[in-house]
Amino acid sequence: MPRRLLLLFFILFVAMIGFGVTLPALPFFVERLALGDGASAGGVALHVGALTSTYALAQLACVPFWGWGADRYGRKPLLVTGLSGFAIAQAAFGLSTSLPLLYGARLMGGASSAALLTISAAYVADTLSPAQRGQGMAWRGTALNLGVVAGPLLSGLLARRDWHVDLSAGHFVLDGFSIPFFAAAAMAVAALPLVVAHLPESRLPKPASDQAPPAVPWTDIVGRLGDVLVLVLASQAFLALFEAAFALYAGQVLGFSLAQVGYVFVVCGLVMAVFQGGLAGWLVGRVRTRFLVAVGFGVLGAGMGLLVIVESVPIVLGVVGVLALGVALIDPSLLTLAANRSGTHAGVGLGLQNAASSLGQVIGPLLGGVLYAWRAGLPFQVAAGGALALAALVWQAPGALSVRRLGAWGVSGSSRSR
């Protein structure tokens, strides 16, 4: 693995720590600010859900722009921009003294993370050959998932409920839950000089010209990536549905403590990190993409279905590990396929892939909440049925998820699935 990719993965790890520290601290921030404005307990819950969706919506809105910009101006300048914006967003989150400021910080954080996620995938595609991209995308996923695991742990270690400072006659009110966000911002600032000094550009920006830049073939790219985008959206929607509904289900139906719920999410992140960097990375490029994705959706569906019939903590942890393994097989396979099909427009193609992922992260929690209000176990049953149906469809379609010829873009692909 080239050293520059290790530095890139460290940047992603830092960014996802910032996302992870939000998970346990967000309800406390919202409760302090919303109750201070006279909101009800139900209003607090609505704001927590809205702030969660705001982050994903900002990603969804920004990823096509970042993908186009990365193809037009190069990868490194936009990586620096994204990391800088992320540091500012984390500090702003910790300093927020009102709900509008909190929403603004979430919007900026989502937009900045969209730059890092989109451009990092394009950077991997630039750096590695098509045969190596699968393993590179898997290691990228490992860095992301390790950050998600480390974020809540960091938040738990640094957050202190008994620490409270009132500055400038109430203009800034800081408490212990601000500390993890300041730590994440400091890590991002510390990483910036490393990026500027040691991360080379993977693709030179296009030279300036008096002529208008050629139009991006959006219709062609969307057409080539259509089935990939649908599957990315579905897999992320199922995962986000699980993340949104399980905490409620575990507390109200299974009687889990907050610590036990935390263990479940740590196991989920660790399994995805370990298997994306190991088994999945080794399989991508050696096994047909169609088989890997079909098996991944099958395993994901089996794990979702088993959630409604198991109760003890050890067995639940094992079942969650199963569904996380399914996601670990799906993600790097579809990322690699999107990069290969996009040809010289990898930034745009991977931007669309990230947009589909963000849209799934918006739809999943909303769907999970509606289904859970109807019946507690219904979100997992619906996700299980949907995942198993997709597994069957992909498995039975001989031409599904192949690398098509990209002659118009100067890139050729084999008819064999990668």
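These exercises work through a predicted model of one chain.

**Exercise 1. The overall fold**

Task: State how many helices and strands the chain has, and in what order the elements run.

Solution.
- Step 1. Count the elements. The secondary structure comes to 12 helices and two strands.
- Step 2. Read them from the N terminus on. The order is α-α-α-α-α-β-β-α-α-α-α-α-α-α.
- Step 3. Turn to burial. The chain has 418 residues, and 51% of them are buried.
- Step 4. Look at the contacts. Take those between residues at least 6 apart in sequence; 81% of them join residues at least 24 apart.
- Step 5. Finish with the surface. About 17200 Å² is exposed, and carbon and sulfur atoms supply 68% of that area.

**Exercise 2. The salt bridge**

Task: Find which residue forms a salt bridge with Arg75, and work out which parts of the chain the pair ties together.

Solution.
- Step 1. Recall the principle. Side chains of opposite charge can pair when their charged atoms come close.
- Step 2. Identify the partner. Arg75 pairs with Asp126, and their closest N and O atoms are 2.7 Å apart.
- Step 3. Place both residues. Arg75 sits in the loop between helix H2 (41-73) and helix H3 (76-95), while Asp126 belongs to helix H4 (residues 99-127), so the pair ties together parts that are 51 residues apart in sequence.
- Step 4. Check burial. Arg75 has a relative accessible area of 0%, so this residue is buried. Asp126 has 28%, so this residue is partly exposed.
- Step 5. Count the salt bridges. The structure holds one.

**Exercise 3. A buried arginine in helix H5**

Task: Arg140 is buried yet has no salt bridge; determine how far away the nearest side chain of opposite charge is, and which polar atoms lie around Arg140.

Solution.
- Step 1. Locate the residue. Arg140 lies in helix H5 (residues 130-158).
- Step 2. Search for a charge partner. The nearest side chain of opposite charge is Asp331, 7.6 Å away. A salt bridge needs the atoms within 4 Å.
- Step 3. Look for a backbone partner. A polar atom of the Arg140 side chain lies 2.8 Å from the backbone oxygen of Leu117.
- Step 4. Look for a side-chain partner. Ser120 and Arg140 share a polar contact of 3.0 Å between their side chains.
- Step 5. List the contacts, leaving aside neighbours within four places in sequence. They are Phe9, Leu12, Leu117, Ser120, Ala121, Leu335 and Asn354.
- Step 6. Follow Asp331 to another residue. Ser235 touches Asp331, along with Phe297 and Ile330, not counting residues up to four places away in sequence.
- Step 7. Place Ser235. Its position is in helix H7 (residues 218-254). Its relative accessibility is 1%, so Ser235 counts as buried.

**Exercise 4. Far in sequence**

Task: Give the sequence separation and the C-alpha distance of Gln132 and Thr336.

Solution.
- Step 1. Place Gln132. This residue is found in helix H5.
- Step 2. Classify Gln132. Its relative accessible area is 44%, so Gln132 is partly exposed.
- Step 3. State both separations. Gln132 and Thr336 are 204 residues apart in sequence, and 9.3 Å apart in space, C-alpha to C-alpha.

**Exercise 5. A nonpolar patch**

Task: Name the residues of the nonpolar surface patch, and the helix that gives the most to the patch.

Solution.
- Step 1. Name the members. Leu359, Ile363, Leu367 and Val382 make the patch, which covers about 270 Å².
- Step 2. Assign the helix. Helix H11 (residues 346-374) gives the most, with three residues.
- Step 3. Test one member. Leu367 is found in helix H11. Its relative accessibility is 38%, so Leu367 counts as partly exposed. Patch residues need over 30%.

Key:
Residues numbered from 1 in each chain as written. Predicted model: local features only at pLDDT ≥ 70, side-chain atom pairs only at ≥ 80, totals over all residues. Heavy atoms only, no water. Patch = residues over 30% accessible without salt bridge, like charges linked within 9 Å, V, L, I, M, F, W, Y side chains within 5 Å. Areas by Shrake-Rupley, 256 points an atom, 1.4 Å probe, with all protein chains shown as cover. Helix = DSSP H or I, 4+ residues; strand = E, 2+ residues; numbered from the N terminus. Buried < 20%, exposed > 50% of the residue type's maximum accessible area, 1.4 Å probe, protein only. Lys, Arg positive; Asp, Glu negative; His and termini not counted. Polar contact = N/O pair within 3.5 Å; in protein donor to acceptor, adjacent residues only side chain to side chain. Contact = heavy atoms within 4.5 Å.
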